[in-house]
Protein chains: 2
Amino acid sequence: MTASSRSSAAVEDYLERILELMTTKGYARVVDIAASLQISQASVTNMLQRLDAEGFINYEKYRGLMLTESGEAVARAIAQRHELLTDFLTLLGVPSEVREHDIEGIEHHMSPSTLLAIESLTMELKKHPMLLKKIQGAQKKRRSRGPLRSEE
Amino acid sequence: MTASSRSSAAVEDYLERILELMTTKGYARVVDIAASLQISQASVTNMLQRLDAEGFINYEKYRGLMLTESGEAVARAIAQRHELLTDFLTLLGVPSEVREHDIEGIEHHMSPSTLLAIESLTMELKKHPMLLKKIQGAQKKRRSRGPLRSEE
DNA sequence: AAAAATAATTAGCCTAACCTAATTTTTTGT
DNA sequence: ACAAAAAATTAGGTTAGGCTAATTATTTTT
């Protein structure tokens with residue numbers, strides 16, 4: 001009955017996409033979620049049942065779903081993290097393809113403390129465009145010499 | 001023969017710990033690895049067999065193990081990432097308990113591009129102690145007002 | 001050198017998240 | 001209205017990475 005204690009990375013991913021679909025299209029069907037996450041519809045159905053059981057959505061077979069309060073709260077928190085990280089990495093000049101991939105990997109593992117730190121940092125960096133230029137420049141230099149490993 | 005294409009987060013964790021044990025104690029026994037990763041010895045034995053099969057270590061039952069070239073390369077890459085991230089988050093004033101936890105979660109998901117950007121940023125930040133003070137200050141303020149809330 | 005303690009291995013399970021194939025329900029086009 | 005298409009569900013696998021309990025090797029102590 002209660003939304004359970006801690007949500008896994010997978011749960012967070014689903015909720016994030018569901019919220020996004022709800023806000024952009026007004027609804028989130030199994031087929032849309034599957035396409036968005038690039039997984040099978042069967043897997044989505046399965047997860048929706050679990051999300052319902054855990055109190056993150058209200059789900060009725062074949063009929064559709066709605067985020068609960070708690071589900072929406074989780075989804076919004078993740079979306080906010082995602083946005084913050086996008087903002088931050090964009091500022092640093094990380095190329096968009098790589099950026100999105102990295103964010104999807106790391107967004108489930110950042111504590112409020114770390115997020116707060118990055119938020120502060122991001123805000124501060126925005127006030128110092130010269131500094132940002134320097135940072136982006138330093139990257140180009142190194143990249144051409146060969147950094148840590150092969151590029152992605 | 002060849003170390004396989006892509007290493008999972010778990011593989012990377014094991015290799016990182018093995019390298020650390022090797023350098024600090026001179027050897028890495030099953031019991032030590034298990035204690036360090038807080039998992040059972042049985043699981044470690046299992047993974048060691050896999051690491052051997054995939055060419056990351058040379059492993060002889062009951063006798064011990066050595067990192068191969070490829071295993072050591074992976075381990076060093078991860079260790080370097082870990083160090084960089086520690087440096088970065090420390091600079092931002094993220095408390096050490098949280099910091100370590102977050103790093104363990106995210107270090108397996110960062111592309112060379114992102115790492116390079118953070119490296120440049122970290123170097124630049126070190127030259128601007130006043131800026132850092134400001135960032136750390138901003139965090140304290142917010143933290144006392146509320147956990148993770150959006151700003152402008 | 002034998003017994004006791006410690007370390008390592010094996011065997012057999014478990015769970016989370018995925019998958020495909022088959023089936024059922026809903027929607028759509030004529 | 002009803003057949004065809006699309007969407008959703010169920011049933012039954014698979015894989016990674018953990019676990020415990022039982023067994024076997026090795027090391028230490030007496």
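The surface near DNA strand D, where near means that a heavy atom of the residue lies within 4 Å of the strand, is made up of 10 nonpolar, six polar and three charged residues, with Ala, Val, Leu, Ile, Met, Phe, Trp, Tyr, Cys and Pro counted as nonpolar, Asp, Glu, Lys and Arg as charged, and the others, Gly among them, as polar. The model is a predicted one, in which local features need pLDDT of at least 70 and side-chain atom pairs pLDDT 80 or more, while totals for chains, interfaces and linings use all residues. Residues are numbered from 1 along each chain as its sequence is written, chains are lettered from A in the order in which they are written, and side-chain values use heavy atoms, without hydrogens and water.

Of the 19 residues around DNA strand D, those that come nearest are Val31(A), Gln49(A), Tyr59(A), Lys61(A) and Arg50(B). On the DNA side, sugar and phosphate account for 79% of the atoms of strand D that come within 4 Å of the protein. Helices here are DSSP runs of H or I with at least four residues, numbered from the N terminus, and H3(A) gives the largest share of this surface, four residues.

Among the polar contacts (pairs of N or O atoms within 3.5 Å), a phosphate oxygen of DNA strand D is 2.8 Å from a polar backbone atom of Ser40(B), and another such contact, at 3.0 Å, involves an N or O atom in the side chain of Thr45(A).

Over all chains the structure holds one aromatic pair, a term for rings of Phe, Tyr and Trp (its six-membered ring) whose centres lie within 6.5 Å, with planes under 30 degrees apart counted as stacked, over 60 as edge-to-face and the rest as tilted. The rings of Phe88(A) and Phe88(B) are stacked, because their centres are 6.3 Å apart and their planes at 20°.

Terms used:
Polar contact = N/O pair within 3.5 Å; in protein donor to acceptor, adjacent residues only side chain to side chain. Helix = DSSP H or I, 4+ residues; strand = E, 2+ residues; numbered from the N terminus.
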